[in-house]
Each structure stands twice: as C-alpha cells, then as structure tokens.
Amino acid sequence: MREQKWGALTFGAFPAIARRVLPEIVADYAAERPNIVFHLQSMRSRSLIDAVASHQLDFGISFIPGDRDEIESIPLQTLKAVCILPVGHPLSEKQSIKAQDLAGQPFVSLGPQDQSRMLIDKIFDDLQIPRKMQIETGQSETACSFVALGAGVSVVDPISAAGYRDGELVVKKFEPEIKFNIWLIRPRMQVQSSVLDNFIQFMSDSLSASTL
C-alpha cells in the first residue's frame, strides 16, 4: 500500500520524552510530509493512559503499561537508570556509581506515585543502604534541576538527564542495573490508518537507533 501523506495525529507522551526526544523525531518525519498535522501533548503517564482509553489521543508513550481493558500496551524500548551528581562532587571521578557509594548522601527522590521510585528504593532497601532523603519531587527533570544546583544526588532515567550539557550535571552509569520500560499505548478498537502506523514504525525505529 502506498504511504498516505496527509492526515492528522494526536498523541501524548510523558514529559521527559515529550520535551527531549519526540520533537526531533516528529521534525524529521514531518519534513517530508508537509500535509500531516501533528498534535503532541506532554502529560503524566496515568493521565495519558486514560486519554488513550477515551480516544482523546491516537496513541501515547508511557513509563507504565496501561491497566484498562480498552487499550493495549506494547514495549517500545528498555532504558537503564543513571546516577546524576552535581559538578565537582567527590564521586564524579568514578567510572560508574554503585549503590553503596551513595550511602549517607543527600538524595533527591522521586514521588511515591512514580513507578521508578519503587524500583530505585528496592535496590537500596535490599542492600540496606541508608540515604538522606531530604528532597522529593514528582518529576525526574525536576530532580535533575535540584542535583544541578548541588542539593544532592539522584538516580533517574537517561532521557531526563540527557537535557543537561557538560558542566551542568555529571551523569554516570549506575550499578546494580535498574531498567525502565517505555510503552506504546494504543486503543484496542482503532480504525486502521497508514498515517498512524507509518509514524509509529518510524518513531519505534528512531528510538531503537538512539543511544539512550
């Protein structure tokens, strides 16, 4: 079937990927398809899942799989957590950061509603490593801002950390490995569209080729 070159796509993504990754993917795709209109919304994964289920969005990119019968969740990519440090931190000379290295460190934590918080906490709890939990925030990008200001250290997804230039934030491999999944959320009952299917394939290929 010849690729359709006109139409509209309305989709959403969790804030970090909506700001850091998808604009470049959409711009690359739109450059050769001037008659396709794109509507990209930045929203939390929970709200995004509800919006896809009610057909307010054609699809969504989420950090958590959907839990509603009206949608299907398809894994897109797996990301590895990174440790972020303020510039000049004593640990910044290390090649990688182990959980034990962060014992007693002021730690900028994600909010309890963030699924990655549970994965991160489990590592430290299982290893019985104490942290100084002084600041908590609902978004990884905000955690990065706190760390850049010297308020502590943190463990976040690599997309959120990627928006900072050298000299603003130190990003290191974190051990033991923590993996985050990115999910494609689609309605189960959806009219077939080559515009939609072709863009999702392009986006999936672009994410797979990225270095995140």
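A cavity here is a set of grid points where a 1.4 Å probe fits but cannot get out, and a residue belongs to its lining if one of its atoms is within 4 Å of a point. With that in hand, this predicted model can be walked through from the inside out.

**The cavity**

Searching the whole structure turns up one cavity of 30 Å³ or more. The largest cavity holds about 30 Å³ of space. Its lining is made by F107, V108, S109, L110, R117, I120, D121, R131, S154 and V155. Three elements each put two or more residues into that lining, namely β7 (106-110), α4 (115-126) and β9. Of the elements, β7 gives the most, with four residues.

**The four-strand sheet**

β9 also belongs to an open sheet of four strands, ordered β6-β10-β5-β9 and mixed in its pairing. The edges are taken by β6 (96-98) and β9 (154-156); each has a single partner strand, so one side of each has no neighbour in the sheet. On average, and ignoring direction, neighbouring strands here are turned by 45 degrees against each other. Further in, β5 (residues 82-85) and β10 (residues 170-175) run antiparallel and are joined by four bridges. In that pairing, I84 sits opposite V171 of β10. Helix α5 (residues 140-148) packs on this sheet, where α5 touches β5 and β9. The direction of α5 makes about 150 degrees with that of β9.

**The five-strand sheet**

The model has an open sheet of five strands too, again with mixed pairing, in the order β2-β1-β3-β11-β4. Here β2 (35-42) and β4 (71-80) are the edge strands, and each has just a single partner strand, so one side of each is left without a neighbour in the sheet. Neighbouring strands are turned by 20 degrees against each other on average, direction ignored. β1 (residues 6-13) runs parallel to β2, with eight bridges joining the two. One of the paired positions is G7, whose bridge partner in β2 is I36.

Two helices go with these strands. Helix α2 (residues 22-31) lies across β1 and β2. Helix α3 (residues 45-53) packs on the sheet, touching β1, β3 (59-62), β4 and β11 (179-187).

Here are the helix directions set against their strands:

| Helix | Strand | Angle |
|---|---|---|
| α5 (140-148) | β9 | about 150 degrees |
| α2 (22-31) | β2 | about 175 degrees |
| α3 (45-53) | β3 | about 160 degrees |

**The cores**

Which residues have the most contacts inside the largest nonpolar core? That core has 46 residues, and the best-connected ones are I17, F59, I61, L102, I182, F199 and M203. Helix α7 (residues 194-209) gives the most to this core, with six residues. As for L102, leaving aside neighbours within four places in sequence, its contacts are C83, L91, I97, F107, F124, P130, R131, V153, V155 and F174. F107, R131 and V155 turn up in the cavity lining as well. Apart from the largest core lies another one, of 11 residues, including M43, A53, I64 and I185.

**The pocket**

Finally, there's the open space. The largest pocket has a volume of about 490 Å³. Its lining has 25 residues, and those nearest its centre are R44, S45, F63, D114 and Q115. Two or more lining residues come from each of α1 (15-20), α3, α4, α5 and β11. α4 is thus shared ground: two or more of the residues lining the largest cavity come from α4, and the pocket lining draws two or more from α4 as well.

Conventions. Residues are numbered from 1 along each chain as its sequence is written. This is a predicted model: local features need pLDDT of at least 70, side-chain atom pairs count only at pLDDT 80 or more; totals for chains, interfaces and linings use all residues. Side-chain values use heavy atoms; hydrogens and water are left out. Two strands pair if DSSP finds at least two bridges between them. Axes are lines fitted to C-alpha atoms, for helices over the stretch in contact, and angles run from 0 to 180 degrees between N-to-C directions. Contact means heavy atoms within 4.5 Å. A nonpolar core is a set of buried Ala, Val, Leu, Ile, Met, Phe, Trp, Tyr and Cys residues joined through side-chain atoms within 4.5 Å. Buried means under 20% relative accessible area, exposed over 50%, partly exposed in between (1.4 Å probe, protein chains only). On a 1 Å grid over the protein atoms alone, a cavity is a set of points where a 1.4 Å probe fits but cannot get out, and a pocket is an open set with protein on both sides within 12 Å along at least five of seven lines; lining residues have an atom within 4 Å of a point. Grid points are joined across faces, edges and corners, and a volume is the space filled by probe spheres set on the points.
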